[in-house]
Amino acid sequence: MIKKLQLSKLFWTALIINYLFAIGVVYAFMTIPDSLFDANNPEHVLAAFKLTYVRTAIVTFVLIAFPIVLFTSRKYTTFLTVGLTAWVVALYIDDNLVLYRIIEYPDRGLVVFLQAFRPVTIACLIWMSFELTFKNYRK
């Protein structure tokens, strides 16, 4: 079944890297200490809600849905991957311009690793999008 998809080893490596990163992000979101946010500040409460509930729900849904779409339709896999890439790039820009000024993350541990590794996962998503978009696919 995997050979039928005709995707490169680099694509599968990028997919594994993104899955490991996404699992790490979900774990980090679920283990963020409550003391990190100021409950009296509405900006902190909104940022905490966006981080823990909205993003965790979306990432978890994508982790489950992506393999289903990948093995079902090449066309929709391309749309999903390009859309995810755009969303992740927009989140990266938003986080750097807005969110990191509101919330101070711990200076050690998994959070620092995930923040440093984020550009690599974006590059992996961009590669996956390019390969799905431009690689000839024989039916």
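Trainee: Is Phe21 buried or exposed?
Mentor: This is a predicted model, so treat each value as computed from it. Phe21 has a relative accessible area of 15%. The cut-off for burial is under 20%. Phe21 is therefore buried.

Trainee: Which class does Phe117 fall in, buried, partly exposed or exposed?
Mentor: The relative accessible area of Phe117 is 24%. Buried needs under 20%, and exposed needs over 50%. The value lies in between, so Phe117 is partly exposed.

Trainee: How many aromatic pairs are there?
Mentor: Rings pair if their centres lie within 6.5 Å. By this rule the count is five.

Trainee: What kind of pair do the rings of Phe21 and Phe117 form?
Mentor: Their centres are 6.4 Å apart, and their planes meet at 35°. Stacked needs under 30 degrees and edge-to-face needs over 60. The angle fits neither, so the pair is tilted.

Trainee: How many residues apart are Phe21 and Phe117?
Mentor: Phe21 sits in helix H2, whereas Phe117 sits in helix H5. The pair links distant parts of the chain. The two are 96 residues apart.

Trainee: What kind of pair do Phe113 and Phe117 form?
Mentor: The ring centres are 5.3 Å apart, with 15° between the planes. Both residues lie in helix H5, four residues apart, about one turn of the helix. Planes under 30 degrees apart count as stacked. The pair of Phe113 and Phe117 is thus stacked.

Trainee: Which residues form one aromatic cluster with Phe117?
Mentor: Phe117 pairs with Phe21. Phe117 also pairs with Phe113, which is partly exposed at 48% relative accessibility. The partners in the cluster are Phe21 and Phe113.

Trainee: Which helix supplies the largest share of the largest nonpolar core?
Mentor: This core has 16 residues. Leu7, Phe11, Trp12, Leu15, Phe66, Leu70 and Met128 have the most contacts inside it. H2 (9-30), H3 (42-72), H4 (74-102) and H5 (110-134) each supply at least two of its residues. The largest share, five residues, comes from H5.

Trainee: Which residues does Met128 contact, leaving aside neighbours within four places in sequence?
Mentor: Contact here means heavy atoms within 4.5 Å. Met128 is one of the residues with the most contacts inside the largest core. Its contacts are Phe11, Ala14, Leu15, Asn18, Phe66 and Thr81.

Trainee: How many residues are in the other core?
Mentor: This core lies apart from the largest one. Among its members are Phe21, Phe29, Ile32 and Leu114. Its count is six residues.

Trainee: Which helix gives the most to the nonpolar patch on the surface?
Mentor: The patch is formed by Leu10, Ile126, Trp127, Phe130 and Phe134, with about 520 Å² of accessible area together. Phe130 is in helix H5 and counts as partly exposed at 44% relative accessibility. The top contributor, with four residues, is H5.

Trainee: What percentage of contacts between residues at least 6 apart in sequence join residues at least 24 apart?
Mentor: The chain has five helices and zero strands. Buried residues make up 39% of its 139 residues. For the contacts you ask about, the share is 80%.

Methods. Residues numbered from 1 in each chain as written. Predicted model: local features only at pLDDT ≥ 70, side-chain atom pairs only at ≥ 80, totals over all residues. Heavy atoms only, no water. Core = buried A, V, L, I, M, F, W, Y, C linked by side-chain atoms within 4.5 Å. Buried < 20%, exposed > 50% of the residue type's maximum accessible area, 1.4 Å probe, protein only. Patch = residues over 30% accessible without salt bridge, like charges linked within 9 Å, V, L, I, M, F, W, Y side chains within 5 Å. Areas by Shrake-Rupley, 256 points an atom, 1.4 Å probe, with all protein chains shown as cover. Salt bridge = Lys/Arg side-chain N within 4 Å of Asp/Glu carboxyl O. Phe/Tyr/Trp six-rings, centres within 6.5 Å; stacked < 30°, edge-to-face > 60°.
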